[in-house]
Amino acid sequence: MKNKYLLLSIIFCLAITGCAKSFMPLKRTQLAMGTTVEICIADADLNADAKLDAMAKAFERIHQIERIMSSYDQASEVSAINKFADIRPVGVSADTIKVIKRAEDLNKLTSGAFDVTVAPLVELWGFGPQTRPSKAPGEDDIKKTLNMVGMDKLKIDYAAKTVRFMRRGMKIDLGGIASGYAADCAIDILKENGIKNAMVNIGGEVCCIGRSGFGRPWKIGIQHPRAKAGLLATVYIEDKAMSTSGDYEKFFFRDGKRMSHIINPLNGMPVADMPASVSITASDCMTADGLATAIFVLGPDAGIEVLKKIKSVEGMIAVDKGKNIEVYATDGFKR
Ligand code: AMP
Ligand code: MG
């Protein structure tokens, strides 16, 4: 999660174009979840103190979720799960249970492409908290590590709120979904504090309610995956979330192929040369975040098929064809 990057900083900038000029909505940024977090409030009828108070609470909620779900913080709940859940059931918070439950649902919906037990593979390929090994893992290492991966080996006792791994060495990584969850939670806090028009952006995981400062839907730009300052598309969202997963912030080259930080849990390999980016809109950011990661694994054809089957979810997949970027999208996204 540490490198939930300064990913999609362009999205970040464009998401706030609705935060400018004439009526000035209130905007604040902080660092959290390994990235820049921005909260923008566009309610015209509240005074600045009320907005700042709501924002402070929303930021604190995001920090709280980071303290629970970070793989980089040895004191986090996820670190405790990863240390002990292969020996005994580990008690977890309601937040973690909620996220793991959604991760299970998404795992089923995406035929295993989204899998939070992918952590040992993430580490094997050097995308985890440790530094990358100088040599790429061999077939045997990958095979051995695959034995420790699979949601079927993760037992959740919802009544007792415990998590247990069925294989030694298993670990979870919530980096593909936790930021989306945190954006949803921050929006909930803002709503509880009387805010009706706001945007929360956690490194490209964007969740919006109401309208922007111009009385228009929030305008979100999607970064061109091969032109740092360029845009691939612009979308307008209202009471919705959007997440983008890309291969352009965290990757390395091997045999001329761009190996991304997203791992295919079925073959143990980093996704290479398939989508350059995937953007998903959904009614909540946790779903958008998890699905963007999953569709990145599935690629354009299987990805669009999965998206068509899920209600209120739309998506766009950009594939690098060398000379140009080919874009696939659901009908709803095109609109
Ligand atoms: P995102 O940027 O939301 O697509 O999340 C990428 C992060 O999710 C990676 O850095 C890993 O921590 C984690 N991850 C990688 N592959 C998967 C996968 N197949 N399913 C779930 N999480 C993954
Ligand atoms: Mg994700």
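**Exercise 1. Identify the buried residues of helix α7 and the elements that cover them.**

*Solution.* Step 1: the buried residues of α7 are Ala178, Ser179, Gly180, Tyr181, Ala182, Ala183, Asp184, Cys185, Ala186, Ile187, Ile189 and Leu190. Here buried means under 20% relative accessible area, exposed means over 50%, and partly exposed lies in between, with a 1.4 Å probe and protein chains only. Helices (H or I, at least four residues) and strands (E, at least two) are DSSP runs, numbered from the N terminus. The model is a predicted one, in which local features need pLDDT of at least 70 and side-chain atom pairs count only at pLDDT 80 or more, while totals for chains, interfaces and linings use all residues. Residues are numbered from 1 along each chain as its sequence is written, chains are lettered from A and ligands numbered from 1 in the order in which they are written, and side-chain values use heavy atoms, with hydrogens and water left out.

Step 2: since 12 of the 15 residues of α7 are buried, the helix is largely enclosed by the rest of the structure.

Step 3: the buried residues pack against β2 (35–41), α2 (48–69), α4 (94–109), β6 (198–202), β7 (205–209) and α8 (285–309), where contact means heavy atoms within 4.5 Å.

Step 4: α7 covers residues 178–192 and reaches 21 Å from its first C-alpha to its last, close to the 21 Å expected at 1.5 Å a residue. The expected span is 1.5 Å times one less than the number of residues. After the helix comes Gly194, with a positive phi near 85°.

**Exercise 2. Determine which protein atoms bind the magnesium ion (ligand 2) as donors, and where the donor residues lie in the chain.**

*Solution.* Step 1: the donors are Gly176 (O), Asp289 (O), Asp289 (OD) and Thr293 (OG1), at 2.0 to 2.4 Å from the ion. Donors are N, O and S atoms within 2.8 Å of the metal (3.2 Å for Na, K and Ca); water is not among the atoms, so sites may look incomplete.

Step 2: the spacing of the donor residues in sequence is G-x112-D-x3-T. Gly176, in the loop between β5 (162–165) and α7, and Thr293, in helix α8, are 117 residues apart, and the pair links distant parts of the chain.

Step 3: both Gly176 and Thr293 are buried.

**Exercise 3. Describe the environment of Asn107.**

*Solution.* Step 1: Asn107 belongs to helix α4. Its relative accessibility is 14%, so Asn107 counts as buried.

Step 2: the side chain of Asn107 reaches the backbone oxygen of Phe114 at 2.8 Å. A polar contact is a pair of N or O atoms within 3.5 Å; within protein, one must be able to donate a hydrogen and the other to accept it, and residues adjacent in sequence count only if both atoms are side-chain atoms.

Step 3: leaving aside neighbours within four places in sequence, Asn107 is in contact with Gly112, Phe114, Asp115 and Met151.

**Exercise 4. Work out the sheet that contains β11, β12 and β13.**

*Solution.* Step 1: the 3 strands form an open sheet in the order β11-β12-β13, with antiparallel pairing. Two strands pair if DSSP finds at least two bridges between them. β11 and β13 (270–272) stand at the edges, each with a single partner strand, so one side of each is left without a neighbour in the sheet. The twist averages 40° from one strand to the next.

Step 2: β11 (residues 251–254) and β12 (residues 257–263) pair over 4 bridges, and Phe251 stands opposite Ser260. Their hairpin has 2 residues between the strands, and Asp255 takes a positive phi near 50° there.

Step 3: β12 and β13 pair over 2 bridges, with Met259 opposite Ala272. Helix α8 packs on this sheet, touching β12 and β13, and its direction makes about 140° with that of β12. Axes are lines fitted to C-alpha atoms, for helices over the stretch in contact, and angles run from 0 to 180 degrees between N-to-C directions.

**Exercise 5. Establish the partners of strand β15.**

*Solution.* Step 1: 5 of the 7 residues of β15 (residues 314–320) are buried, so the strand is largely enclosed by the rest of the structure.

Step 2: β14 (residues 275–282) pairs with β15 in the antiparallel sense over 6 bridges, and Pro275 stands opposite Val319.

Step 3: 5 bridges join β15 to β16 (residues 325–329), again antiparallel, with Asp320 opposite Ile325. In their hairpin, which has 4 residues between the strands, Gly322 takes a positive phi near 85°.
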